[in-house]
Amino acid sequence: MPRNDSLEMGELTDTSYYILLSLVEAKHGYLIMKTIEDMTNQQFSIGPASMYTTIKKLLAAELITLFGESKDKKKTYVATEKGIQFLKKEIQRRKEMIKHAEDILGGL
């Protein structure tokens, strides 16, 4: 059974979510990984292979764009307006998922 691409389904994986969130401001690869670790208090980390695979998917979906490239070949990316809207939709979807769980579990 083929796996569905979460972006085509209108959803973000945790990796895509954190990369897109970190790219509200333009960053290069190492800074993306560092930002995600800092914002999650080291509870979530992304390795370079996973990050660049996800960046390719986010570029293809036009959720991020290449912002620039330095002399030392570091590419900088930033979220597009489409990416920001997609991120806001994902945040709402996740809030609803938490509400469903709280309704069933009686709050946490």
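Two residues are in contact when they have heavy atoms within 4.5 Å of each other. Keep that in mind as you look at this predicted model: residues 24 or more positions apart account for 51% of the contacts in the protein with a separation of 6 or more.

**Stop 1: the whole chain**

Start with everything shown as a cartoon. You should find four helices and three strands. Walk along the sequence and they come in the pattern α-β-α-α-β-β-α. Along its principal axes, the C-alpha trace spans about 55 × 30 × 30 Å. The protein has 108 residues, and buried ones make up 33% of them.

**Stop 2: before the first helix**

Now select Ser6, which sits in the segment before α1. Is Ser6 buried or exposed? Its relative accessibility is 19%, so Ser6 counts as buried, the cut-off being under 20%. Show what surrounds it: leaving aside neighbours within four places in sequence, Ser6 is in contact with Glu11, Leu12 and Thr13.

**Stop 3: α1 against α4**

Select residues 14-22 for helix α1 and residues 81-105 for helix α4. These two helices pack at an angle of about 130°, with their axes 10 Å apart. That angle makes α1 oblique to α4. Turn the view until one helix lies in front of the other, and you can follow α1 as it passes α4 in a left-handed crossing.

Which residues make the contact? On the α1 side, show Asp14, Tyr17, Leu20 and Leu21. On the α4 side, show Gly83, Leu87, Glu90, Ile91 and Arg94. Colour them by class and you will see five nonpolar, one polar and three charged residues in the contact of α1 with α4.

**Stop 4: α1 against α2**

Keep α1 on screen and add helix α2, residues 29-39. Here the packing angle is about 105°, and the axes are 9 Å apart. That makes α1 roughly perpendicular to α2, because angles from 65 to 115 degrees count that way.

From α1, Tyr18, Ile19, Leu21 and Ser22 take part; from α2, they meet Ile32, Thr35, Ile36 and Met39. By class, this contact of α1 with α2 has six nonpolar, two polar and no charged residues.

**Stop 5: the nonpolar core**

A little background helps with the next selection. In soluble globular proteins, nonpolar side chains tend to be buried together.

The largest nonpolar core here has 21 residues. Which of its members touch the most other members? They are Ile19 and Ile32. The elements that each supply at least two residues of this core are α1, α2, α3 (48-60), β3 (75-79) and α4.

Centre the view on Ile19. Not counting residues up to four places away in sequence, Ile19 touches Ile32, Ile36, Ile46, Met51, Thr54, Ile55 and Leu58.

**Stop 6: a buried lysine and a threonine beside it**

Next, pick Lys27 in strand β1, residues 27-28. Its relative accessibility is 11%, so Lys27 counts as buried. Beyond residues up to four places away in sequence, Lys27 touches Ser22, Ile32, Thr35, Lys75, Thr76 and Tyr77.

Try a distance as well: pick the C-alpha atoms of Lys27 and Lys74. How far apart are Lys27 and Lys74 in sequence and in space? They are 47 residues apart in sequence and 9.6 Å apart in space.

Then move to Thr35, in helix α2. With 18% relative accessibility, Thr35 counts as buried. Once neighbours within four places in sequence are set aside, Thr35 is in contact with Ser22 and Lys27.

**Stop 7: two residues in loops**

Finish with a pair of loops. In the one between α2 and α3, select Asn41. Its phi is near 50°, a positive value in a residue other than glycine. Asn41 has 62% relative accessibility, so it counts as exposed.

Now go to the loop between α3 and β2 (64-69) and select Glu62. The phi of Glu62 is near 60°, which is also a positive value in a residue other than glycine. At 51% relative accessibility, Glu62 counts as exposed, since the cut-off for that word is over 50%.

Conventions:
Residues are numbered from 1 along each chain as its sequence is written. This is a predicted model: local features need pLDDT of at least 70, side-chain atom pairs count only at pLDDT 80 or more; totals for chains, interfaces and linings use all residues. Side-chain values use heavy atoms; hydrogens and water are left out. Axes are lines fitted to C-alpha atoms, for helices over the stretch in contact, and angles run from 0 to 180 degrees between N-to-C directions. Angles under 35 degrees count as roughly parallel, over 145 as roughly antiparallel, 65 to 115 as roughly perpendicular and the rest as oblique. A crossing is left-handed if the near helix is turned anticlockwise from the far one by less than a right angle, and right-handed if clockwise. Ala, Val, Leu, Ile, Met, Phe, Trp, Tyr, Cys and Pro count as nonpolar, Asp, Glu, Lys and Arg as charged, and the others, Gly among them, as polar. A nonpolar core is a set of buried Ala, Val, Leu, Ile, Met, Phe, Trp, Tyr and Cys residues joined through side-chain atoms within 4.5 Å. Buried means under 20% relative accessible area, exposed over 50%, partly exposed in between (1.4 Å probe, protein chains only).
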